[in-house]
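Biologist: I have a new structure to read, and I would like some help finding my way through it. Could you walk me through the features one at a time?

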Amino acid sequence: MHKKKTIWEFPWKYKESFTIAIALLITGFAIEYFIGKNIIWLPTWPTNLIIIIAFWAYFIFLDRYVKHPIINWLSSTYAAISAISVFTALILLMGFIIQSDKGTPSFISSIGLTHVTSSWPYLITSMYLMIILGFTITRRFFPLRIKNLTFFLNHGGLWLVIAAASLGSADSWKLSMVLNEGEQSNIAGDSRNRNLFEMPFKLELLDFDIEEFPPNLGLLSIKTGKLIIEKGDKLIEVEAGYEDKVGDWNIIVETYYPSAVVDGDKYVVSEVMGSVHAVFIVAENLLSDEKRSGWVTNGSMMYSPEYLILDNDHSIVMTIPTPKKYSSQIKVFYPNGDIEDVFIEVNKPARILDWVIYQVGYDEKMGKWSKSSILEVVRDPWLPVVYVGIFMILAGSLYLVWMGRTKN
Amino acid sequence: MTWLEYPIYVYLTSSLWIAGLLLLWIPKTYRFHLLAGILVIGGIVSLGYFMTALWISLERPPFRTLAETRLWYSMFLSVIGLIIYYRWKLRWMLVYTLLLSILFLFINYLNPDTFDKTLMPALQSPWFVPHVVVYIIAYALLAVSSLIGIKGLVLMRMKKQITGTINLADNIVYIGFAFLTFGLLFGALWAKEAWGNYWTWDPKETWAFLTWMVYLLYIHFRVRKRMNINTALWVLSLSFVILLICWFGVNYLPSTQSSIHVYSS
Ligand code: HEM
């Protein structure tokens, strides 16, 4: 028979682990409530690196030279499970609560639940997770054996990703730049455009270009203001010769000009600014043989759209085309006098010095005639570390797929 | 091919699958089981044909809307069910996965999409297809593992042997979890390439992370095999709830005001 262990007697198991983890979470809420949210400060280079090194010195020192049951507990699965659970519980709350401090302050926001990722409970529980993970890695890392490799890839990779992404975030810059065609600029603003910064390079927008998906035609109910479309069906395509039935009407697209302007009572092909997609449509009522015909367009910032009224509830309208691609052709002036042309598109950023330039937007009022391009300029010196971590986890996971749970 | 032709394929695929399943109950003879396998594969092929044709006529991968992703869910569930059936000889597994697949097909039947070719620029990336495919495989496998977890709980109630069941659950969780990790990391790499951020705690990302964490919890519950199996199985079964919220429920949560991942309106 052995005596049942009382709480806080070593070795610590679930009871102790969860008591500690939950106490930490509550402490986090309390600090947030009493001290407030604006105290958290993220260290910049090189303080963040020193913190990381100090952590590891501490993990390794304690693991090697201090023989105490608490050190064993710090790398136990009990502690790990408590840390993962409490952190998950906090993120679960975040999953249900709108993350915005715009509304009136309430108890929920004062304990940090409306801005979880910049709150004390988040900081404290994620530190707990990182410390447990750190001790676990340290203990399994020595002796270095092949068997421990996947363990090291998964756990070490995760530690690196989190450490580099969180501690490194204070060193990263994310600014926005607006370029107008034909102008040179080296000014970028932060998210709320509160502060402006001078970039080490100058950019000139040579050309901004949008490619659009073709618009569609649809049957609009004038009473409800909504398109009438049978579930699963598609809208009418704009293509000369296209014929389709909608409601009681048979629609024939006779003419289609992707770019046209109005000329008296008809439309003519033209590429001028503000030109529209124009189709000439013939509609026949299948029941009464009534006929209607006329021009339908999508309109632009200069012309209002045209639609074809069929009867007192129905008309044919054109949808607004959505962008398929947009891109900027940019001339870069480097500080050393070099000049280079770069091309930027959504999903295809360009690298200039140690900055990465993303295409994020344009002047939406002008649509496809936009003469300006909105870019984001990002510098993230810790990125390679995050990538190393990500690829470590990917490699570790590949091994998991390969082996399954075959050990033991 | 548009969604208007979809009902034919729903009926064809489901009747092939149901016919296949019924054959499995005929006393075990090799011939009937072969035929059952052929019928099930026939259903998969018919679904695959619809998906391919839809892909071609959409001129973009059909991953954008919920209805489109449900097709993939049905596809991978049935394929995974069949593989597990042949690999581990689990008849109930095939029944579960096929019935679940049929359920997804019928949800789409009642709620089809409008045919829409547009694909916003941010989604036009080489990451798009691998990101979604690995996620769907992960979800299908993890859903299966949770069903095994529920079966394990039932077996424990009945005081039956569960070693085989839990070992199977472990294996499938490991593989499914690895795919989920791929999905998460591919997503992060892609987001960095498209928007300059790997992780923004957007509601869909938050829930994907939660799903990852709950299965991570299960894995760690199982590190020491002496640990309480009952608790581990409960964790596994409840993980399914998180998985379902992540997959279907996120769009309906109050916390989802504006999410970059909610494309369909
Ligand atoms: C990428 C994420 C993770 C993966 C894929 C992962 C996977 C694993 C696997 C497969 C094992 C069993 C290893 C074996 O039996 O040899 C394990 C053990 C363990 N993990 Fe994790 N884990 C992850 C994250 C974490 C985190 C966040 C913690 C802690 C906060 C943690 C703490 C532990 C502990 C303490 C063990 C037991 C090690 C031992 O006793 O030898 N893991 N993990």
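## A guided reading

Modeller: Let's start near the beginning of the chain: Pro11(A) sits in the segment before helix H1 (14-35) of chain A, where helices (H or I, at least four residues) and strands (E, at least two) are DSSP runs, numbered from the N terminus. This is a predicted model, in which local features need pLDDT of at least 70 and side-chain atom pairs count only at pLDDT 80 or more, while totals for chains, interfaces and linings use all residues. Residues are numbered from 1 along each chain as its sequence is written, chains are lettered from A and ligands numbered from 1 in the order in which they are written, and side-chain values use heavy atoms, with hydrogens and water left out.

Biologist: Which residue does a cis peptide bond join to Pro11(A)?

Modeller: Phe10(A) is the partner, with omega about -5°. Another cis peptide bond joins Trp45(A) and Pro46(A), again with omega about -5°. Pro46(A) lies in the loop between H1 and helix H2 (47-65) of chain A.

Biologist: What is the phi of Trp8(A)?

Modeller: Trp8(A) has a positive phi of about 75°, although it is not a glycine. Trp8(A) belongs to the segment before H1 of chain A.

Biologist: How should I read confidence, and what is the mean for chain B?

Modeller: pLDDT is the predictor's confidence in each residue, from 0 to 100. Where pLDDT is low, the predicted coordinates should not be read in detail. Chain B has a mean pLDDT of 84, and 91% of its residues reach 70 or more. The model scores ipTM 0.82 and pTM 0.81.

Biologist: How many residues of each chain take part in the contact?

Modeller: Contact means heavy atoms within 4.5 Å. Chain A gives 57 residues and chain B gives 60 residues. Buried area is the accessible area (1.4 Å probe) that two parts lose on being put together, summed over both. Between chain A and chain B about 5200 Å² is buried, and carbon and sulfur atoms give 68% of that.

Biologist: Which residues form a salt bridge there?

Modeller: A salt bridge is a side-chain nitrogen of Lys or Arg within 4 Å of a carboxyl oxygen of Asp or Glu. The rule finds 1 across the interface of chain A and chain B. Asp380(A) pairs with Lys192(B), and their closest N and O atoms are 3.2 Å apart. On the side of chain A that touches chain B, H4(A) supplies the largest share, 12 residues.
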